[in-house]
Structure formats: C-alpha cells, structure tokens
Amino acid sequence: MSSRPERPCALIARLLAAASLALVVTGPANALPDDRNQPILIEADEAVRDEKQGFTRYVGNVTMDQGSLHIEAERITVYHDAKDADRILAEGAPAHMQQQPEPEKGLIKAYANIIEYHKAEDRVQLRENASIEQEGSTVTGDSIDYFITEQLVRADSDKSREDSRVQVVIEAAALDQEEEASGDTESE
C-alpha cells in the first residue's frame with residue numbers, strides 16, 4: 001500500500017469509475033446469453049387482454065420469469081405493437097426485478113414503485129424510490145435510467161424536494177476489483 005495521501009479529485013474519479021464498472025458492465029440488460037431464448041412465464045391472480053387498446057394487464061401477486069430474469073409486482077402491463085411487446089410496465093410497492101448478468105457475477109437487484117422497459121429506446125427506467133444493487137454496491141435516487149445500447153446509467157433526484165439526493169454506496173471489494181482490472185495497484 002502507498003503511504004501517499006490520495007487527492008480528493010482522484011478519489012472521486014475512482015469512486016465514479018467503480019460505480020460505472022459495477023453498474024454499466026453488469027447492467028440489468030446484460031443477462032445470461034440465452035435468457036432471451038428462454039420461454040416467458042407469467043403468473044397472476046387475474047389477466048385481461050385488450051386487443052383494441054393493445055395491452056395485456058396482469059394483476060395480483062404477479063411474477064414474470066424468463067431465464068435468469070425474475071420480476072415481482074402487484075401489476076404488470078405488457079403493451080403490444082404489431083405482434084411483439086414494445087413496452088412493459090411493472091408497478092408495486094416496490095416492484096422488484098433481478099437478473100444474473102454473467103455466470104460468475106452476483107445477481108443485479110432493482111427496486112422501484114415503477115419499473116418500465118422501452119423496447120424502441122432499449123432502456124429500462126426505475127421511478128419512485130428507485131435503487132439498484134449488485135454485490136453490496138448500490139445506487140439510489142428518485143429515478144434511474146439504464147440505456148442498454150450505450151451501457152449508460154443515469155440517476156436523478158427529485159428536484160422539487162430538498163431531501164432528495166442520488167446516493168452511491170460502493171463496497172471496498174468493488175474498488176479492489178476495479179483496481180485489479182485496471183492494473184492500477186499502488187503496492188510498493
């Protein structure tokens with residue numbers, strides 16, 4: 001270990017890099033390779049399909065599974081374009097989503113009152129009491145957007161409330177892994 005004190009800007013940059021590494025590299029859409037090829041199983045107390053409006057709504061203790069993806073919510077609404085789902089809305093107090101990004105990685109767990117997937121934008125949005133965690137590191141905020149193609153995570157606070165802030169907690173082990181991956185060790 002180095003006895004040299006780390007400059008605050010360098011420490012902040014490293015924390016942000018570790019947060020990005022933890023959430024971007026293993027974001028919720030980076031699922032196990034065959035997840036998309038697995039059948040989708042949805043269970044609920046009630047299901048209603050409205051062909052004219054173009055949606056199917058599942059209500060009451062809803063679970064949705066596809067490969068390693070698991071969602072629990074009070075209500076899930078699947079909006080359809082021509083024949084495929086183009087938007088999925090999960091609502092709960094909170095709704096919960098988890099997925100295995102890679103075989104050697106821990107589960108990614110996301111919580112929010114509203115979890116919405118937009119197929120056209122290739123984006124997952126968590127709204128109201130949003131949090132996402134993996135291997136002890138967490139990001140919380142009023143809303144969290146994950147842009148799948150760009151591998152970009154954006155967390156926002158509720159600007160109308162003074163007590164609303166984005167919070168990032170990074171476990172020391174995640175920082176150590178990031179240093180090892182970058183080859184930036186300060187051992188002497």
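## A tour from I71 outward

Start by selecting I71: setting aside neighbours within four places in sequence, this residue is in contact with V62, T63, M64, I76, A90, H96 and M97. Keep in mind as you click around that this is a predicted model.

**Zoom out to the whole chain.** Colour by secondary structure and you should find two helices and ten strands. Read from the N terminus, the order is α-β-β-β-β-β-β-β-β-β-β-α. The chain has 188 residues, and 38% of them count as buried. For contacts between residues at least 6 apart in sequence, 43% join residues at least 24 apart. Switch on the surface if you like: the accessible area is about 11400 Å², with 50% of that belonging to carbon and sulfur atoms.

**Now the core.** Go back to I71 and add I76, A90, M97, I115, L126 and I132; within the largest nonpolar core, which has 24 residues, these seven touch the most other members. Which strands supply at least two residues each to this core? They are β3 (55–66), β4 (69–80), β5 (85–99), β6, β7 and β8 (137–147). The biggest share comes from β4, with five residues.

**Follow β3 and its partners.** Show the backbone of β3 and β4 together: they run antiparallel and are joined by ten bridges. One bridge to pick out brings you back to the starting residue, since M64 has I71 as its partner in β4. The two strands make a hairpin with two residues between them, and G67 in the turn has a positive phi of about 60 degrees.

Stay on M64 and look at what else stands opposite: I42 faces this residue of β3. That brings in β1 (residues 40–43), which pairs with β3 in the antiparallel sense over four bridges.

Next, add β2 (residues 46–50), also antiparallel to β3, with five bridges between them. Select V48 and R57 to see one of the bridge pairs, R57 being the β3 member. This hairpin has four residues between its strands, and the turn residue to check is G54, with a positive phi of about 80 degrees.

**On to the aromatics.** Select F55 and Y79. A search of the whole structure turns up one aromatic pair, and these two residues form it: the rings are tilted, 6.0 Å centre to centre, with 55 degrees between the planes. Why does the pair tie together parts that are 24 residues apart in sequence? Because F55 lies in strand β3 and Y79 in strand β4.

Are these two rings' residues buried or exposed? F55 counts as buried at 14% relative accessibility. Y79 is buried as well, at 19%, and the cut-off for buried is under 20%. Then show the side chain of R87: this arginine lies over the face of Y79, at 3.9 Å from the ring centre.

**Last stop: K119.** Jump to the loop between β6 (108–118) and β7 (123–134), where K119 sits. K119 has 37% relative accessibility, so this lysine counts as partly exposed. Leaving aside neighbours within four places in sequence, K119 is in contact with D84, A85 and D86. To finish, draw a C-alpha to C-alpha distance from K119 to I88: the two are 31 residues apart in sequence and 8.5 Å apart in space.

Notes. Residues are numbered from 1 along each chain as its sequence is written. This is a predicted model: local features need pLDDT of at least 70, side-chain atom pairs count only at pLDDT 80 or more; totals for chains, interfaces and linings use all residues. Side-chain values use heavy atoms; hydrogens and water are left out. Buried means under 20% relative accessible area, exposed over 50%, partly exposed in between (1.4 Å probe, protein chains only). Contact means heavy atoms within 4.5 Å. A nonpolar core is a set of buried Ala, Val, Leu, Ile, Met, Phe, Trp, Tyr and Cys residues joined through side-chain atoms within 4.5 Å. Two strands pair if DSSP finds at least two bridges between them. Rings of Phe, Tyr and Trp (its six-membered ring) pair if their centres lie within 6.5 Å; planes under 30 degrees apart count as stacked, over 60 as edge-to-face and the rest as tilted. A charge sits over a ring if NZ of Lys or CZ of Arg is within 6 Å of the ring centre and within 35 degrees of the ring normal. Accessible areas come from the Shrake-Rupley method with a 1.4 Å probe; for residues, only the protein chains shown count as cover.
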